[in-house]
Amino acid sequence: MNLQRIVVIGAGTMGSGIAQWFAQQMCSVELVDTSEEQLKKALAGIHSSWDKLVEKEKLTSCQVNQMKKLFEIKTLDQVSKNTDLVIEAIIENLEIKKELFKKLDAYFSPHTIIASNTSSFPISEMATAVSPERKSRFIGLHFFNPATIMKLVEVIKGQETDSKLCEDLYQWFDSKEKKPALSKDSPGFIVNRVARNFYGEPLRIVETDDEVKMKEVDRILKEVGGFKMGPFELMDLIGIDVNYSVTCSVWEAYNKEARFAPHALQKQMVEEKRFGRKNKRGFYKYD
Ligand code: NAI
């Protein structure tokens with residue numbers, strides 16, 4: 001497998017990280033979003049991150065100049081149709097994603113692989129939006145936040161995804177020093193199923209957004225549990241809105257089992273537009 005031309009749709013937390021990582025593998029990358037402001041913000045953030053990596057001598061200025069040349073921000077109708085892989089990383093909303101997949105299927109060449117970075121929606125369900133010919137090349141590629149640093153990528157086979165494609169992508173990521181994991185197309189895949197309790201139980205422990213209690217839970221899980229981040233810090237990094245959507249969809253998929261139930265505080269925070277680090281207000285403040 002030789003992936004050279006990549007399109008990433010959605011320039012938010014995940015899309016910008018995924019796009020940056022692919023450019024660092026010297027792939028040509030076109031990053032798309034419906035918001036021009038978001039695209040400009042993502043480009044500035046990626047350039048600044050590369051400049052810092054040069055300062056820290058992790059990358060050379062020659063490498064970064066090449067990556068900057070390989071990286072473009074565009075609207076969907078401007079991207080190259082003859083791309084190898086398109087990765088969708090837009091809002092976690094099934095109907096909006098399916099609408100987009102219909103458009104992507106019609107737009108891109110028959111050989112283009114279409115992948116979703118969804119955290120929770122079944123790949124086979126999303127594949128119903130594409131034509132029968134595309135289904136074998138429709139797959140889940142679930143990256144973790146921050147995508148440039150986290151090694152794990154879940155490779156998710158839908159009912160009609162070609163098994164050889166899953167194996168080839170697994171090998172390709174492995175060769176790029178990611179840690180791919182083949183996952184079943186079940187709600188929350190592997191990590192987001194297990195991680196529901198990492199968020200849910202701490203929310204049930206603190207009950208309200210009491211900063212002293214949250215800090216204590218975060219501290220204990222880091223110091224005693226050995227986690228790099230506490231659950232409240234991690235939810236702020238993921239995005240409270242995204243984490244809430246994922247919680248709801250996994251809960252629904254498991255017939256509303258109590259252990260997966262969303263917490264009232266998550267809903268309240270979404271209503272208050274406290275989305276976490278991305279808008280500087282979450283469980284903690286980031287001024
Ligand atoms: P985000 O809210 O940071 O960014 C979403 C972006 O998509 C926004 O910039 C928005 O303008 C854009 N967008 C919305 N509709 C669009 C459309 N039709 N066409 C093009 N752009 C569109 O969301 P985030 O956190 O990056 O999540 C994206 C996806 O990645 C979701 O499916 C989420 O479940 C998944 N994910 C999120 C993780 C996280 O830690 N935040 C981790 C792994 C997966």
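This is a short walk through a predicted model, from its ligand site to three unusual backbone positions.

Start at the ligand. There are 21 residues around it. D33, E92, K97, S119 and I238 come nearest. By class, this shell holds 10 polar residues, 7 nonpolar ones and 4 charged ones.

Now look at individual polar contacts. S119, already listed among the nearest residues, places a polar side-chain atom 2.7 Å from an oxygen atom of the ligand. N117 also reaches a ligand oxygen atom through its side chain, where a polar atom lies at 3.0 Å. I238 takes part through its backbone. One of its polar backbone atoms is 2.8 Å from a nitrogen atom of the ligand.

How much of the ligand does the protein bury? Taken alone, the ligand exposes 830 Å². The protein buries 85% of that area.

Next, ask where the shell comes from. Two elements give two or more residues each to the shell: helix 1 (13–24) and strand 6 (138–143). On the scale of domains, domain 1 (5–183) supplies at least three shell residues, and so does domain 2 (191–279). The ligand shell therefore draws on both domains, given these domain bounds.

Leave the ligand by way of the two elements just named. Strand 6 is followed by a loop that runs to strand 7 (152–156), and P146 sits in that loop. The peptide bond from N145 to P146 is cis, with omega near -5 degrees. Most peptide bonds are trans, and most residues other than glycine have a negative phi. The second half of that rule matters for the next two stops.

Helix 1 leads to M26. This residue lies in the loop between helix 1 and strand 2 (28–32). Its phi is positive, near 65 degrees, in a residue other than glycine. Is M26 buried, partly exposed or exposed? The relative accessible area of M26 is 31%. Buried means under 20% and exposed means over 50%, so M26 counts as partly exposed.

The last stop is N255. Find it in the loop between helix 11 (240–253) and helix 12 (264–271). N255 is not a glycine either, yet it has a positive phi of about 50 degrees. Its relative accessibility is 68%. That value is over the 50% cut-off, so N255 is exposed.

Terms used:
Residues numbered from 1 in each chain as written. Predicted model: local features only at pLDDT ≥ 70, side-chain atom pairs only at ≥ 80, totals over all residues. Heavy atoms only, no water. Near = heavy atom within 4 Å. Polar contact = N/O pair within 3.5 Å; in protein donor to acceptor, adjacent residues only side chain to side chain. Areas by Shrake-Rupley, 256 points an atom, 1.4 Å probe, with all protein chains shown as cover. Helix = DSSP H or I, 4+ residues; strand = E, 2+ residues; numbered from the N terminus. Nonpolar A, V, L, I, M, F, W, Y, C, P; charged D, E, K, R; others polar. Buried < 20%, exposed > 50% of the residue type's maximum accessible area, 1.4 Å probe, protein only.
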